[in-house]
Structures are given as C-alpha cells and as structure tokens.
Amino acid sequence: MRATKGDHLRVHGRTVGEHDRVAEIVEVMGHDGEPPFKVRFQDGHEAVMSPGPDSVVQHEEPAP
C-alpha cells in the first residue's frame with residue numbers, strides 16, 4: 001500500500017451498520033510511500049496508522 005500526502009485513507013466498517021471512516025493522509029512516515037501514515041479524520045482527530053486489509057488508499061486527483 002503506497003500513498004502520498006493529500007491522499008485519503010478509507011477504513012471499511014467491520015460490522016453491519018458500521019460506516020467507513022475516511023481520513024486525509026497528512027504525512028507518510030514510511031519509506032517510499034509505505035505505512036505508517038499520519039492521518040487526520042474529519043472531526044480533527046489525528047492518528048498514526050499502519051492500515052490493514054480492511055483499508056484502501058484513494059489517491060488525490062491532480063487539478064486540471
């Protein structure tokens with residue numbers, strides 16, 4: 001899993017009724033785009049995450 005600053009990390013809900021959580025990647029702390037990532041959730045909470053198989057990186061689309 002590789003990411004760059006500005007991408008989004010989507011963590012899928014693990015149980016029925018649990019929504020996905022989406023966070024902006026504010027820092028890539030691993031080598032060559034690899035985890036861990038420092039992320040910021042929409043409520044302002046920040047965390048360092050090493051995402052598992054229930055997560056996907058959504059790459060930021062370049063501006064036209």
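1. Let's start with one residue, Ser 55. Once neighbours within four places in sequence are set aside, Ser 55 is in contact with Met 1, Leu 9, Arg 10 and Val 11. Please keep in mind that this is a predicted model.

2. Where does Ser 55 sit in the secondary structure? Ser 55 belongs to strand β5, which covers residues 55-58.

3. Is Ser 55 buried or exposed? The relative accessible area of Ser 55 is 7%, and buried means under 20%, so Ser 55 counts as buried. Across the protein, 27% of the 64 residues count as buried.

4. Now for the fold as a whole. The protein has 5 strands and 0 helices, so you will read the elements from the N terminus as β-β-β-β-β.

5. On overall dimensions, the C-alpha trace spans about 35 × 30 × 20 Å along its principal axes. The radius of gyration is 12 Å, which agrees with the value near 11 Å that a compact globule of 64 residues would have.

6. How do the contacts spread along the chain? Taking contacts between residues at least 6 apart in sequence, 38% join residues at least 24 apart.

7. Finally, a look at the surface and the charges. The protein exposes about 4,600 Å², with carbon and sulfur atoms supplying 51% of that area. The protein carries 7 positive and 12 negative charges, and the mean positions of these two sets are 3 Å apart.

Key:
Residues are numbered from 1 along each chain as its sequence is written. This is a predicted model: local features need pLDDT of at least 70, side-chain atom pairs count only at pLDDT 80 or more; totals for chains, interfaces and linings use all residues. Side-chain values use heavy atoms; hydrogens and water are left out. Helices (H or I, at least four residues) and strands (E, at least two) are DSSP runs, numbered from the N terminus. Buried means under 20% relative accessible area, exposed over 50%, partly exposed in between (1.4 Å probe, protein chains only). Contact means heavy atoms within 4.5 Å. The radius of gyration is taken over C-alpha atoms; the globule rule is 2.2 Å times the number of residues to the power 0.38. Accessible areas come from the Shrake-Rupley method with a 1.4 Å probe; for residues, only the protein chains shown count as cover. Lys and Arg count as positive and Asp and Glu as negative; His and the chain ends are not counted. The place of a charge is taken as NZ of Lys, CZ of Arg, CG of Asp or CD of Glu.
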